[in-house]
Amino acid sequence: MIPYGRQSISKADIAEVLRVLKSPWLTQGPKVREFEEALAKETGARYAVVVANGTAALHLICLALGVEGRDVITSPITFLATANMVVLSGGKIRFADVDEATVNLDPEKVRRAITARTAGIMPVHLAGLPCDMPAFQKLARRKKLFVVEDACHALGASYKAGATWHRVGSCAHSDACVFSFHPVKTITTGEGGAITTNRKDLYEKLLLLRNHGMVKDPLRLKNKDLAPQGSTKAGGDTLWYYEMQALGFNYRMTDIQAALGLSQLKRLKAMVVRRRQIVSIYNKAFAACAQVCLPLEKKGFRSAWHLYILRLRLKQLGKGRTEIFRRLRSRGIGVQIHYIPVHLQPYYRAQGFRRGDFPAAEKYYEAAISIPVFPSMRNSEITAVIRTVKKVLAYAAL
Ligand SMILES: Cc1ncc(COP(=O)(O)O)c(C=O)c1O
């Protein structure tokens with residue numbers, strides 16, 4: 001089976017991980033800080049905080065921004081975690097429909113969904129294609145809302161605003177940006193995630209919440225009078241005293257993971273270039289295929305191509321999507337569906353959402369099918385995917 005996505009691990013990655021395994025620090029050592037600095041440099045953001053996974057990153061940023069009792073607007077075409085972390089942080093999820101062409105959150109539909117209860121907007125860069133960030137920033141400024149990018153698919157992507165290209169993660173048009181380093185993503189740490197931001201207040205809250213709400217730096221203690229005499233010293237950490245300033249978690253990333261991430265980050269550009277090569281081969285191969293609609297990358301947007309999602313023209317096909325999916329799977333093509341609209345999940349239906357609420361998202365879902373794209377794909381695998389997809393589509397054609 002050729003999977004829809006797969007990690008690419010080099011000898012250098014393995015060597016870096018081994019080095020940490022032989023070191024005194026498996027966690028809470030120097031690699032985490034190094035990875036954070038490298039991520040900040042790569043994206044252009046002032047700060048980066050790495051955490052256990054992308055879901056934890058979403059959870060912490062929702063808590064840091066304070067969504068309790070307020071609404072957050074996001075796309076129904078995303079992974080469950082985007083919406084779930086708003087709810088787990090005490091917020092209420094609102095969806096707005098997607099743009100039919102890009103399948104990203106539509107700024108105009110978001111504008112119409114904003115109410116006095118809205119705290120923020122969470123655009124999702126689906127498949128690695130950046131959303132229209134300047135439009136969201138404009139909306140947010142006018143209505144005093146926050147913007148958090150769910151960029152779990154989009155490390156390595158960029159977009160143009162005016163004459164300037166911006167890297168996703170630079171937070172040029174948002175308060176924060178969230179990444180995932182799951183093995184199918186553009187770089188991996190096994191499990192892992194990160195938040196980038198230019199806001200010092202958010203950065204400090206995220207550090208606090210990631211580690212039990214605990215502070216050891218004597219300069220940051222808020223109740224110095226509670227510290228036993230001699231338990232703190234100026235500069236560096238306290239001797240042993242710690243103060244809990246908030247209710248937090250253990251959402252830390254290990255040094256083993258950070259070492260892998262650091263090593264992977266060095267190949268990010270090359271891996272995105274390879275993804276782009278595969279996409280251009282696919283685009284040429286399927287251009288004349290009347291039964292499918294190809295994924296879009298508008299001028300001024302550079303996708304990281306985490307996913308390559310074909311949309312079936314169901315009216316021109318005699319067979320349904322499930323039949324096509326099954327045939328492709330049985331012929332060794334690891335297709336997948338990204339995603340079932342979140343509002344149609346039983347949990348969200350129970351909150352009042354129903355079929356028909358977001359027609360563009362629902363129409364997209366009926367026809368979408370992701371085919372394999374990952375940097376270590378061999379040319380023979382690309383050829384096999386193209387041949388098999390064409391054969392199955394020809395079979396399914398009316
Ligand atoms: C859009 C999106 N948001 C959030 C997540 C959650 O990331 P993680 O799996 O690292 O927790 C994912 C992961 O699949 C995702 O695709």
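## Surface patch, ligand shell and backbone features

Ile9, Ile14, Leu18, Leu21 and Leu26 together make a nonpolar surface patch of about 420 Å². The model described here is a predicted one. Within this patch, Ile9 sits in the segment that comes before helix H1 (11-21), and with a relative accessible area of 41% Ile9 is partly exposed, because a residue counts as buried under 20% and as exposed over 50%.

**The ligand and its surroundings**

Which residues come nearest to the ligand? Of the 16 residues around the ligand, the nearest are Gly54, Thr55, Asp150, His153 and Ser180. Three of these residues, Thr55, His153 and Ser180, place a polar side-chain atom at a short listed distance from a ligand oxygen atom, as set out in the table.

| Residue | Atom in the residue | Atom in the ligand | Distance |
|---|---|---|---|
| Thr55 | polar side-chain atom | oxygen | 2.5 Å |
| His153 | polar side-chain atom | oxygen | 2.8 Å |
| Ser180 | side-chain N or O atom | oxygen | 2.7 Å |

The ligand taken alone exposes 390 Å², and the protein buries 91% of that area. As for the elements that form the shell around the ligand, helix H3 (54-65) and helix H4 (80-88) each supply at least two of its residues, and the largest share, 3 residues, comes from H3. By character, the residues of this shell divide into 6 nonpolar, 8 polar and 2 charged.

**Backbone features in the loops**

The peptide bond that runs from His338 to Tyr339 is cis, and its omega is near 5 degrees. Tyr339 is found in the loop that links helix H10 (321-330) and helix H11 (346-349).

Two residues other than glycine have a positive phi, namely Gln28 and Ala127. For Gln28 the phi value is near 55 degrees, and this residue has its place in the loop between H1 and helix H2 (30-43). For Ala127, which is not a glycine either, phi is about 65 degrees, and the residue lies in the loop between strand E4 (118-122) and helix H6 (133-143).

Are these two loop residues buried or exposed? Gln28 has a relative accessibility of 48% and therefore counts as partly exposed, whereas Ala127, with a relative accessible area of 9%, is buried.

**A side-chain contact and a helix position**

Asn211 is found in the loop between helix H7 (200-210) and strand E10 (214-215). At 17% relative accessibility, Asn211 lies under the 20% limit and so counts as buried. The side chain of Asn211 is joined to that of Arg252 by a polar contact of 2.6 Å.

Val110, by contrast in setting, belongs to a helix, H5, which covers residues 107-113. The relative accessible area of Val110 is 0%, and Val110 is therefore buried. How far apart are the C-alpha atoms of Val110 and Phe179? These two residues are 69 residues apart along the chain, and their C-alpha atoms are separated by 22 Å.

How values were computed: Residues numbered from 1 in each chain as written. Predicted model: local features only at pLDDT ≥ 70, side-chain atom pairs only at ≥ 80, totals over all residues. Heavy atoms only, no water. Patch = residues over 30% accessible without salt bridge, like charges linked within 9 Å, V, L, I, M, F, W, Y side chains within 5 Å. Areas by Shrake-Rupley, 256 points an atom, 1.4 Å probe, with all protein chains shown as cover. Salt bridge = Lys/Arg side-chain N within 4 Å of Asp/Glu carboxyl O. Helix = DSSP H or I, 4+ residues; strand = E, 2+ residues; numbered from the N terminus. Buried < 20%, exposed > 50% of the residue type's maximum accessible area, 1.4 Å probe, protein only. Near = heavy atom within 4 Å. Polar contact = N/O pair within 3.5 Å; in protein donor to acceptor, adjacent residues only side chain to side chain. Nonpolar A, V, L, I, M, F, W, Y, C, P; charged D, E, K, R; others polar.
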